[in-house]
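Thanks, everyone, for making the time this morning. I would like to walk you through one model, beginning with a local detail and working outwards to the chain as a whole.

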Amino acid sequence: MGEAKRRKTTLGEQYGQDNRILPWVPITKSQAELFVSLTTRGAWIGIGLMVVVWVTIRFIGPAFGWWEVVF
């Protein structure tokens, strides 16, 4: 008997389903990985926006005379 068949007979109905992180938490491992990838992407977008705002406030605005940087 092959390994896959042995696992299928051992697991029964749960064969091929994603495992939960913890038995009492209804979140699967693939959902957790998706959450991590989305929040990482969101963090990088936030960092990029923060840099754009900083460059605008520090350099672009004073260059066009919109405001002056006060130290």
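Arg 58 lies over the face of Phe 59, at 5.4 Å from the ring centre. Please keep in mind throughout that this is a predicted model, and that the distances and angles I quote are computed from its coordinates.

Phe 59 itself is partly exposed, because its relative accessible area of 46% falls between the limits of 20% for buried and 50% for exposed. How many aromatic pairs does the count come to? It comes to three aromatic pairs, and one of them joins Phe 59 to Trp 54, with the ring centres 5.5 Å apart and an angle of 85° between the planes, an edge-to-face arrangement.

A general word on how I describe these contacts: a pair of aromatic rings is characterised by the distance of the centres and the angle of the planes. In the pair formed by Phe 64 and Trp 66, the centres are 5.3 Å apart and the planes meet at 25°, so this pair counts as stacked. Phe 64 and Trp 66 are both exposed, and ring pairs link these two residues and Trp 67 into a cluster.

These rings also belong to a nonpolar patch on the surface, which is formed by Val 53, Trp 54, Ile 57, Phe 59, Ile 60, Phe 64, Trp 66, Trp 67, Val 69 and Phe 71, and which has about 1,100 Å² of accessible area together. Phe 71, one member of that patch, is found in the segment after helix 2, the helix that covers residues 29-63. Is Phe 71 buried or exposed? Phe 71 is exposed, because its relative accessible area is 87%, where the cut-off for exposed is over 50%.

Let me turn now to helix 1. The count of salt bridges comes to one, and it is formed by Glu 3 and Arg 6, whose closest N and O atoms are 2.5 Å apart. Both residues lie in helix 1, which comprises residues 3-11, and they are three residues apart, about one turn of the helix. Glu 3 is partly exposed at 44% relative accessibility, and Arg 6 is likewise partly exposed, with a relative accessible area of 40%. Ala 4 is also found in helix 1 and counts as partly exposed at 38% relative accessibility; its C-alpha atom is separated by 21 Å from that of Ser 30, which is 26 residues away along the chain.

Between helix 1 and helix 2 there is a loop, and Ile 27 has its place there. Ile 27 is partly exposed, with a relative accessible area of 37%, and between its C-alpha atom and that of Ala 43, 16 residues apart along the chain, the separation is 22 Å.

Finally, the chain as a whole. The protein chain has two helices and zero strands. Its radius of gyration is 25 Å, well over the 11 Å that the globule rule gives for 71 residues, so the chain is more spread out than a compact globule. Taken along the principal axes, the C-alpha atoms fill a box of roughly 75 × 25 × 15 Å. What share of the 71 residues counts as buried? That share is 3%, while the accessible surface of the chain comes to about 6,600 Å², with 67% of it belonging to carbon and sulfur atoms.

That brings me to the end, and I am happy to return to any of these contacts in the discussion.

Conventions
Residues are numbered from 1 along each chain as its sequence is written. This is a predicted model: local features need pLDDT of at least 70, side-chain atom pairs count only at pLDDT 80 or more; totals for chains, interfaces and linings use all residues. Side-chain values use heavy atoms; hydrogens and water are left out. Patches are made of residues with over 30% relative accessible area and no salt bridge: like charges are joined within 9 Å, nonpolar side chains (Val, Leu, Ile, Met, Phe, Trp, Tyr) within 5 Å. Accessible areas come from the Shrake-Rupley method with a 1.4 Å probe; for residues, only the protein chains shown count as cover. A salt bridge is a side-chain nitrogen of Lys or Arg within 4 Å of a carboxyl oxygen of Asp or Glu. Helices (H or I, at least four residues) and strands (E, at least two) are DSSP runs, numbered from the N terminus. Buried means under 20% relative accessible area, exposed over 50%, partly exposed in between (1.4 Å probe, protein chains only). Rings of Phe, Tyr and Trp (its six-membered ring) pair if their centres lie within 6.5 Å; planes under 30 degrees apart count as stacked, over 60 as edge-to-face and the rest as tilted. A charge sits over a ring if NZ of Lys or CZ of Arg is within 6 Å of the ring centre and within 35 degrees of the ring normal. The radius of gyration is taken over C-alpha atoms; the globule rule is 2.2 Å times the number of residues to the power 0.38.
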